[in-house]
Amino acid sequence: MICLDTNAAQLLTFEFWNERADIIMAIIAVLALILTLQQLRSGRLESRRATAYATYQEYLKNCADNPKFAYGNRNDIVSDGVTHEKYPWFVSQMLFTFEQVLETSKSDKQWKTAIQTQLARHAWYLKKSNTVSREEWSDDLMALVRNIVTSWEVECEARLQTEPDKLLEDINP
């Protein structure tokens with residue numbers, strides 16, 4: 001009998017397993033704890049993601065309700081040198097939405113591209129926004145806003161060189 005010669009038969013005895021039950025239970029408890037923590041993290045992330053998507057859906061509805069604000073065309077938003085009173089609130093909601101999305105999807109390049117595209121439409125206002133100048137938003141969002149505003153400023157300087165009359169019309173409607 002090979003089992004008896006190699007002492008493998010002891011694996012079939014109650015005493016062998018009874019002596020090791022505490023160790024086995026500790027290992028199972030640690031594995032259960034790891035699985036529970038992983039489930040909690042996953043649930044928390046999914047909850048944040050759902051909130052961010054719901055917030056973005058609300059932003060899109062706001063865009064549909066206020067297409068002039070959504071397009072960010074300064075000529076439609078500013079009249080006689082005064083910005084429409086609802087536009088700053090629109091921009092704040094937009095920034096809040098983007099902050100929520102970035103918090104849950106930091107590494108998603110598609111989200112960043114979509115956010116940058118939207119921010120670029122409003123760069124002229126973001127440059128002078130109080131909440132942006134006070135840096136009230138997350139570091140990730142502020143970095144995107146700074147990049148967009150800087151790009152907008154460079155573009156304006158370039159346009160000033162090539163089309164000074166057109167640029168002045170855009171800046172001073």
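Three exercises with worked solutions follow, all on a predicted model.

**Exercise 1. Helix packing**

Classify the packing of helix H7 against helix H10, and describe the contact by residue class.

Solution.
- Locate the helices. H7 covers residues 109–121, and H10 covers residues 139–162.
- Take the geometry. The axes lie 10 Å apart, at an angle of about 50°.
- Apply the cut-offs. Angles under 35 degrees count as roughly parallel, and 65 to 115 as roughly perpendicular. An angle of about 50° therefore makes H7 oblique to H10.
- Add the hand. The crossing of H7 with H10 is right-handed.
- List the contacts. H7 contributes Ile-115, Gln-116, Leu-119 and Ala-120. H10 contributes Leu-141, Leu-144, Val-145 and Ile-148.
- Sort these by class. Seven are nonpolar, one is polar and none is charged.

**Exercise 2. Length and burial of H6**

Compare the span of helix H6 with its expected value, then decide how far H6 is enclosed.

Solution.
- Count the residues. H6 runs over residues 87–104, which is 18 residues.
- Work out the expected span. At 1.5 Å a residue, H6 should span 26 Å. The rule multiplies 1.5 Å by one less than the number of residues.
- Check the model. The end C-alpha atoms of H6 are 26 Å apart, which agrees.
- Turn to burial. Of the 18 residues in H6, 13 are buried, so the helix is largely enclosed by the rest of the structure.

**Exercise 3. Thr-162**

Is Thr-162 buried or exposed, and how far is Thr-162 from Arg-44 in space?

Solution.
- Place the residue. Thr-162 belongs to helix H10.
- Read the accessibility. Thr-162 has 60% relative accessibility. Exposed means over 50%, so Thr-162 counts as exposed.
- Give the separation. Thr-162 and Arg-44 are 118 residues apart in sequence. Their C-alpha atoms are 51 Å apart in space.

Key: Residues numbered from 1 in each chain as written. Predicted model: local features only at pLDDT ≥ 70, side-chain atom pairs only at ≥ 80, totals over all residues. Heavy atoms only, no water. Axes fitted to C-alpha atoms, helices over the stretch in contact; angles between N-to-C directions. Helix = DSSP H or I, 4+ residues; strand = E, 2+ residues; numbered from the N terminus. Parallel < 35°, antiparallel > 145°, perpendicular 65-115°, else oblique. Left-handed = near helix turned anticlockwise from the far one by under 90°. Contact = heavy atoms within 4.5 Å. Nonpolar A, V, L, I, M, F, W, Y, C, P; charged D, E, K, R; others polar. Buried < 20%, exposed > 50% of the residue type's maximum accessible area, 1.4 Å probe, protein only.
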